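Let's take a friendly look at the terms used for a protein model and ask what stands behind each of them.

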Amino acid sequence: GTLEYLGRTDHQVKVRGFRIELSEMETALESHPAVARAVVMAREERLVAYLVARESAPSITELRSWLGSRLPDYMVPSAWVVLESLPLTPNGKVDRKALPAPEGGRQVRAPFVAPRGALEELISGIWSEVLGIERVGVHDNFFELGGHSLLATQAVSRLGEALEIEVPLRRMFEVPTVARLAEALLLDSSHDLEQAARLVLDLFQLSDGEVEALLADKLDAGPAGPFEGVS
């Protein structure tokens, strides 16, 4: 007379409102010539891919691009772990419960390079706050740091508000590093975004009273001044 809920017998999960077939992702990853085995799991509202390479492991950027060209963006994992082999149960099946947390495997992250200009510094700071990590280098990939589509939406929204420009969400998937995004925005915009970013960063350093006084001075001075043509 007792019912025990054991969960689904397949590997379908729901992450951030999307129903996802993990086996579909695994098949797409294993179609990459450098991937021998792949297992995908949902951990704490994010997708984690576990890989066994045939020889040398492909870069995470390459794998993201490979998967992104075959599946929707919400089916691209935000964490990647490369293992020597997958843990198996006594009957030879993959022991998903024995797979390590992302910190337990080898993950790829570019060496830290500090922002080299105001725009890169602004983007890096916004990403750091959105992702909840201490620092973001100019060559770090937003999605490899744990970002996903919802966090990407927050990042482009905050960046667009700070610079008073429209930043398409697709840009985050096309150029997911600080350096490449900054370069793309400079090419897309007719405004001096480097100067605008510097003004925003300078304003961040001021107190509320100092900001109010500065704005009052600019309004009294009329349209001319350092803010002219920046937005």
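The questions below set values against their definitions.

This is a predicted model, in which local features need pLDDT of at least 70 and side-chain atom pairs count only at pLDDT 80 or more, while totals for chains, interfaces and linings use all residues. Residues are numbered from 1 along each chain as its sequence is written, and side-chain values use heavy atoms, with hydrogens and water left out.

Q: How do you know how many helices and strands the protein has?
A: Helices (H or I, at least four residues) and strands (E, at least two) are DSSP runs, numbered from the N terminus. By that rule the protein has 8 helices and 5 strands, in the sequence pattern β-β-α-β-β-α-β-α-α-α-α-α-α.

Q: What makes β1 and strand β2 a pair?
A: Two strands pair if DSSP finds at least two bridges between them. β1 and β2 (residues 18-21) have 4 bridges, in the antiparallel sense, so they meet the rule. Within this pair, Q12 stands opposite E21 in β2. Strand β1 (residues 12-15) has V13 and V15 on its covered face, and Q12 and K14 on the uncovered one.

Q: Why is the sheet of β3, β4 and β5 called open, and which strands stand at its edges?
A: The order is β3-β4-β5, with mixed pairing. β3 (35-43) and β5 (79-82) each have a single partner strand, so one side of each is left without a neighbour in the sheet. Neighbouring strands are turned by 20° against each other on average, direction ignored; axes are lines fitted to C-alpha atoms, for helices over the stretch in contact, and angles run from 0 to 180 degrees between N-to-C directions. β3 and β4 run antiparallel, joined by 8 bridges, and R43 has R46 in β4 as its bridge partner.

Q: Which helix packs on the sheet, touching β3, β4 and β5?
A: Helix α2 (residues 60-68) does, and its direction makes about 120° with that of β5. Contact means heavy atoms within 4.5 Å. Helix α1 (residues 22-30) also lies across β3, β4 and β5, running at about 150° to β3.

Q: What makes a space a cavity, and how many of 30 Å³ or more are there?
A: On a 1 Å grid over the protein atoms alone, a cavity is a set of points where a 1.4 Å probe fits but cannot get out, and lining residues have an atom within 4 Å of a point. Points are joined across faces, edges and corners, and a volume is the space filled by probe spheres set on them. The count comes to 2 cavities of 30 Å³ or more. The largest has a volume of about 50 Å³, and the second largest about 40 Å³.

Q: How do the residues of the lining of the second largest cavity divide?
A: Ala, Val, Leu, Ile, Met, Phe, Trp, Tyr, Cys and Pro count as nonpolar, Asp, Glu, Lys and Arg as charged, and the others, Gly among them, as polar. This lining has 9 nonpolar, no polar and no charged residues, including L51, V52 and P58. The lining of the largest cavity divides into 3 nonpolar, 4 polar and 3 charged.

Q: Why is E164 called buried or exposed?
A: Buried means under 20% relative accessible area, exposed over 50%, partly exposed in between (1.4 Å probe, protein chains only). E164 has 58%, so exposed is the right word. E164 is found in the loop between α4 (149-163) and α5 (170-174), and has a positive phi of about 60° although it is not a glycine.

Definitions and conventions. 1 Å grid on protein atoms, 1.4 Å probe; cavity = no way out; pocket = protein on both sides within 12 Å on 5 of 7 lines; lining within 4 Å.
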